[in-house]
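The following dialogue is a tutorial on reading features of a structural model. The learner asks, and the teacher replies with a general idea and then the case at hand.

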Amino acid sequence: MQIIIYDNAEQVAQNAAQWVLSLLKDKPHPVLGLATGSTPIKLYNELVKHYKAKRTSFAHVTTFNLDEYYDISCDSPQSYRSFMQHHLFDHINIETANTFLPTCNKDQDPRKQGLDYEAYIKQAGGIDLQILGIGANGHIGFNEPTSSLRSRTRIKTLTQQTLLDNSRLFKSNELQPSLAMTMGIASIMDARYILLMATGKHKADAVMQMITQGVSSNCPASILQMHENAVILLDKDAASKLPDHAYYEWVNEQNQHLNEKFGLFHKF
Ligand code: PGA
């Protein structure tokens, strides 16, 4: 794991955007894994800024989102499709046909929908760079604690904590779905690179557990310890319970020399 600690959430987003821009420059048909939630909004704002300044193009990009509420209409303002349109897709030159979310309505078999989603990812050549947030309970995507570490795209029941964390996005008279389709932990681990962003004090415990405790389905994000290319971008608050900040700074100085000389990614 490469742990990089920045002063604030703005710097986390600006540096995350550099990883995305670098991938788009390196690869003719890049495949991005995308996340919803508050954390990636600043990253999406950065990407839109770079696109508008003509520094990048999304014309040949394919995207796969981590998750979507079960049986929600795409047009619903609470759907993750609407979130992505609003924060990113409506503002860049991406083909809507190349943007995928694991949708499933109540007339469809979620097991088949899950298998189909995995097949689409494979057909696209696999995910080059997966963007992730982390839940205060350590979840990635909607893989809640005790999710199988080898899980694939499937339907999941959300925990009370996740429902509570996300309730701010629903009005009091709206029905908040308690089921979602989510890429599994094994699906996420298949990505060639992972970029996890965490900001704010409320993430400090989950971040500490992910990085310093044993791999356990109690903290699904801890599986990233087993990923070959996992980059963790933190602000000071999210990193506040980590020991050894000086070591991470020292490692990053070394990595920066390598990155400047050879680029951020190994060749795909
Ligand atoms: P947040 O959610 O970015 O809204 O904190 C992260 C997550 O639940 O993965």
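Q: Is His87 buried or exposed, and how is that read?
A: The general idea is a cut-off: a residue is called buried when its relative accessible area is under 20%. His87 has a relative accessible area of 17%, and it is therefore buried. Please note that this is a predicted model, and that His87 belongs to helix α3.

Q: Which residues does His87 touch, leaving aside those up to four places away in sequence?
A: With residues up to four places away in sequence left out, His87 touches Ile41, Tyr44 and Val48. Helix α2 spans residues 39-52, and α2 is one of the elements against which the buried residues of α3 pack.

Q: Where does Ser82 lie, and how is its burial judged?
A: Ser82 is found in helix α3, which covers residues 80-87. Ser82 counts as buried because its relative accessibility is 17%. Not counting residues up to four places away in sequence, Ser82 touches Cys74, Asp75, Ser76 and Pro77. A polar atom of the Ser82 side chain lies 2.6 Å from the backbone oxygen of Ser76.

Q: How many residues of α3 are buried, and which are they?
A: In general, an α-helix has 3.6 residues a turn, so residues three or four places apart point the same way. In the present case, seven of the eight residues of α3 are buried, and the helix is mostly covered. The buried residues are Tyr80, Arg81, Ser82, Phe83, Met84, Gln85 and His87. Their packing partners are β2 (31-34), α2, β3, β4, β5 and α5.

Q: In what order do the strands of the sheet stand?
A: A sheet is read by following the pairing from one strand to the next. Here seven strands form an open sheet with parallel pairing, in the order β1-β10-β9-β6-β2-β3-β5. The edges are held by β1 (2-6) and β5 (99-100); each has a single partner strand, so one side of each is left without a neighbour in the sheet.

Q: How is β1 joined to β10, and why is β1 described as largely enclosed?
A: The strands β1 and β10 (residues 230-235) run parallel and are joined by five bridges. Within this pairing, Val231 is the bridge partner of Gln2, and Ile4 stands opposite Leu233. Four of the five residues of β1 are buried, so the strand is largely enclosed by the rest of the structure.

Q: Which strands does helix α4 lie across, and at about what angle to β3 does it run?
A: The angle between a helix and a strand describes how their directions are related. Helix α4 (residues 110-123) lies across β3 (62-65) and β5, and runs at about 150° to β3.

Q: What lines the largest pocket, and what lines the largest cavity?
A: A pocket is open, whereas a cavity is a space from which the probe cannot get out. The largest pocket holds about 760 Å³ of space. Its lining comprises 37 residues, and Thr36, Gly37, Ser38, Asn166 and Arg168 lie nearest its centre. Helix α2 gives the largest share of this lining, four residues; α1 (9-26), β4 (67-69), α3 and α5 (160-166) are also among the elements that each supply at least two.
The structure holds one cavity of 30 Å³ or more. About 40 Å³ of space lies in the largest cavity, which is lined by Leu32, Leu34, Leu47, Phe58, Val61, Thr63, Leu88, Ile92 and Ile94.

Methods: Residues numbered from 1 in each chain as written. Predicted model: local features only at pLDDT ≥ 70, side-chain atom pairs only at ≥ 80, totals over all residues. Heavy atoms only, no water. Buried < 20%, exposed > 50% of the residue type's maximum accessible area, 1.4 Å probe, protein only. Polar contact = N/O pair within 3.5 Å; in protein donor to acceptor, adjacent residues only side chain to side chain. Contact = heavy atoms within 4.5 Å. Pairing = 2+ DSSP bridges. Axes fitted to C-alpha atoms, helices over the stretch in contact; angles between N-to-C directions. 1 Å grid on protein atoms, 1.4 Å probe; cavity = no way out; pocket = protein on both sides within 12 Å on 5 of 7 lines; lining within 4 Å. Points joined across faces, edges and corners; volume = space filled by probe spheres on them.
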